[in-house]
Amino acid sequence: MTNSDSDLETVIRRREMNRGQTTLLKCLYESEGPIRKAEVVDRIREGDARSFGGVLGAFSNRVNYTADITGSPGYEAFVGRREIDGEEYFELREEARKAIDGISELQSAFERDMDELLDYQGVPVEFDS
């Protein structure tokens, strides 16, 4: 069962969003279509696949520990994966894009340059209680 955009908004708003998760969503949101996994790793983790795995693991925990989420989809509640010409591609799911569109705090973070977000020391996205 697919989770709705309002369920995914709950995932995002559940607590502040760290740098890795923010840059992952920004990268996928701005790509507006499938993007090679290797390119995502390069953009948000300077090619460090192990560090990227940590981002996906933390994001999966965020998703799976949100009460409104059906099942345990992990980061794939937000990200579709597929193979194109032998390479793995990621794409932001439509319901995730709709959830992000409704969150002004995340949109404000996305206005920052990717390098600024990557260098940011602190929590780039906090939500009003």
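**Burial, strand pairing and positive phi**

User: Why is Phe59 called buried?

Analyst: The relative accessible area of Phe59 is 0%. Buried means under 20%, exposed over 50%, and partly exposed in between, with a 1.4 Å probe and protein chains only as cover. Phe59 is therefore buried. This residue belongs to helix H4, where a helix is a DSSP run of H or I with at least four residues, a strand is a run of E with at least two, and both are numbered from the N terminus. The C-alpha atom of Phe59 is separated by 13 Å from that of Ala96, which is 37 residues apart along the chain.

User: On what basis are such features accepted?

Analyst: The model is predicted, so local features need pLDDT of at least 70 and side-chain atom pairs count only at pLDDT 80 or more, whereas totals for chains, interfaces and linings use all residues. Residues are numbered from 1 along each chain as its sequence is written, and side-chain values use heavy atoms, with hydrogens and water left out.

User: What makes Ile84 partly exposed?

Analyst: Ile84 has a relative accessible area of 28%, and this value places the residue in the partly exposed class. Ile84 is part of strand E2. The C-alpha atom of Ser6, 78 residues apart along the chain, is separated from that of Ile84 by 30 Å.

User: How do you know that E2 and E3 pair?

Analyst: Two strands pair if DSSP finds at least two bridges between them. Six bridges join E2 to strand E3 (residues 87–92), and the two strands run antiparallel. In this ladder, Val79 has Leu92 as bridge partner, Glu83 is opposite Glu88, and Ile84 is opposite Glu87.

User: How do you know that E1 pairs with E3?

Analyst: Two bridges join E1 to E3, again in an antiparallel arrangement. Arg36 stands opposite Tyr89 of E3.

User: Why are E1 and E2 called edge strands?

Analyst: The open sheet has three strands in the order E1-E3-E2, with antiparallel pairing. Strand E1 (35–36) and strand E2 (79–84) each pair on one side only, and they are the edge strands.

User: What makes the phi of Asp85 noteworthy?

Analyst: Most residues other than glycine have a negative phi. Asp85 is not a glycine, yet its phi is positive, near 50 degrees. Asp85 lies in the turn of the hairpin formed by E2 and E3, which has two residues between the strands. The residue is exposed, because its relative accessible area is 77%.

User: Where else is there a positive phi in a residue that is not a glycine?

Analyst: Glu32 has a positive phi of about 50 degrees. Glu32 is located in the loop between helix H2 (19–31) and E1. With a relative accessible area of 68%, Glu32 is exposed.

User: Why is Glu46 counted as exposed?

Analyst: Glu46 is counted as exposed because its relative accessibility is 75%. Its position is the loop between helix H3 (37–45) and helix H4 (49–64).

User: Which residues form the negative surface patch with Glu46?

Analyst: Asp48, Asp113, Asp115 and Asp119 form the patch together with Glu46. Patch members have over 30% relative accessible area and no salt bridge; like charges are joined within 9 Å, nonpolar side chains (Val, Leu, Ile, Met, Phe, Trp, Tyr) within 5 Å. A salt bridge is a side-chain nitrogen of Lys or Arg within 4 Å of a carboxyl oxygen of Asp or Glu. The patch is called negative because Asp and Glu count as negative.

Technical notes: Areas by Shrake-Rupley, 256 points an atom, 1.4 Å probe, with all protein chains shown as cover. Charge placed at Lys NZ, Arg CZ, Asp CG, Glu CD.
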